Amino acid sequence: MSKTIFVLNGPNLNMLGKREPGIYGGKTLADIEAECIAAGAELGLTIDFRQSNHEGTLVDWLHEAADKAAGVAFNAGAYTHTSVALHDAIRAISPIPVIEVHISNVHAREEFRHKSMIAPAVKGVICGFGPHSYILALQALKTITQ
Ligand code: DQA
């Protein structure tokens, strides 16, 4: 049976395509969703892809993942750098593996992006590969949830 993977996206990621294309590229979030669904089909994963600008909604979806998902690929956007609530939610759903995803290489950018509040709670971090970061996270989730 195909495993379900939640791909969760935080604030401002709905603006991809228009938002700072020099940093994030020209693909929209809908483009990335289609790529994740196609890669998921090849990997035998069912992709449940979502985006919210609201921290509490992301907390709720992490809780939902505990019942419905084998793993989570999570681009928390700017909440990565600020959110104790998301750190706690990731710990709360252990042992469901969560992989932190970033399109850009946050370590090559402003200093405030170098700190991740969620990194100590996640299984691993993938950043800097553009939208391909999501596909790498799906491949990793496929391997670690076998
Ligand atoms: C991001 C990096 C974050 O620092 C930023 O706030 C984002 C996007 C990325 O995917 O590169 O919104 O998570």
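Helix α3 is a good place to enter this predicted model. The helix covers residues 55–68, 14 residues in total. From first C-alpha to last, α3 reaches 20 Å, close to the 20 Å expected at 1.5 Å a residue.

Which residues of α3 are buried? They are Leu58, Val59, Trp61, Leu62 and Ala65. Why do they fall on the same side of α3? They cover an arc of only 165 degrees around the axis, and that puts them on one side of the helix. The general geometry is familiar: an α-helix has 3.6 residues a turn, so residues three or four places apart point the same way. The other side of α3 has exposed residues, Asp67 and Lys68.

What do the buried residues of α3 pack against? Their partners are three strands and a helix: β1 (3–9), β2 (45–51), β3 (71–75) and α4 (84–92).

Next come the charged side chains. A search of the whole structure finds 6 salt bridges. One of them starts on α3. The side chains of Glu64 and Arg50 meet at 3.0 Å, N to O. This pair links distant parts of the chain. Glu64 sits in helix α3, Arg50 sits in strand β2, and 14 residues separate them. Is Arg50 buried or exposed? Arg50 is buried, because its relative accessible area is 15% and the cut-off for buried is under 20%.

Another part of the chain holds two salt bridges with a shared partner, Glu110. Arg109 meets Glu110 at 3.8 Å, N to O. Arg113 meets Glu110 at 2.7 Å, again N to O. Both arginines count as buried: Arg109 has a relative accessible area of 18%, and Arg113 has 14%. Glu110 is partly exposed, with a relative accessible area of 35%. Salt bridges with shared partners also join Asp48, Arg50, Glu64 and Lys68 into one network. That network takes in the Glu64 and Arg50 pair described above, and also Lys68, one of the exposed residues of α3.

Arg113 leads on to the ligand. Which residues surround the ligand? They are Arg19, Tyr24, Asn75, Gly77, Ala78, His81, His102, Ile103, Ser104, Val106 and Arg113. Three of these residues have listed polar approaches to ligand oxygen. A polar side-chain atom of Asn75 lies 2.8 Å from an oxygen atom of the ligand. Ile103 uses its backbone instead: an N or O atom there lies 2.8 Å from a ligand oxygen. For Ser104, an N or O atom in the side chain is 2.6 Å from an oxygen atom of the ligand.

Ile103 deserves a second look. Where is Ile103 found? Its place is the loop between β4 and β5. Ile103 is buried, with a relative accessible area of 5%. Setting aside residues up to four places away in sequence, Ile103 touches Leu13, Leu16, Tyr24, Ile32, Asn75, Gly128, Phe129, Gly130, Pro131, Ser133 and Tyr134. Two of those contacts, Tyr24 and Asn75, are also among the residues around the ligand. For a sense of scale, Ile103 and Ile37 are 66 residues apart in sequence and 17 Å apart in space, C-alpha to C-alpha.

Ser116 also lies in the loop between β4 (98–102) and β5 (124–127). At 14% relative accessibility, Ser116 counts as buried. Which backbone nitrogens does the side chain of Ser116 reach? That of Ile118 is at 3.2 Å, and that of Ala119 is at 2.9 Å. Beyond its neighbours within four places in sequence, Ser116 is in contact with Thr80 and Glu100.

The last stop is Thr145. This residue is in the segment after α5 (132–144). Thr145 is buried, with a relative accessible area of 16%. Its side chain reaches back to the backbone oxygen of Leu141 at 2.6 Å. Leaving aside neighbours within four places in sequence, Thr145 is in contact with Lys3, Ala70 and Pro97.

Note on methods: Residues are numbered from 1 along each chain as its sequence is written. This is a predicted model: local features need pLDDT of at least 70, side-chain atom pairs count only at pLDDT 80 or more; totals for chains, interfaces and linings use all residues. Side-chain values use heavy atoms; hydrogens and water are left out. Helices (H or I, at least four residues) and strands (E, at least two) are DSSP runs, numbered from the N terminus. The expected span of a helix is 1.5 Å times one less than its number of residues. Buried means under 20% relative accessible area, exposed over 50%, partly exposed in between (1.4 Å probe, protein chains only). The arc is that of the directions from the helix axis to the C-beta atoms. Contact means heavy atoms within 4.5 Å. A salt bridge is a side-chain nitrogen of Lys or Arg within 4 Å of a carboxyl oxygen of Asp or Glu. A residue is near a molecule or strand if one of its heavy atoms lies within 4 Å of it. A polar contact is a pair of N or O atoms within 3.5 Å; within protein, one must be able to donate a hydrogen and the other to accept it, and residues adjacent in sequence count only if both atoms are side-chain atoms.
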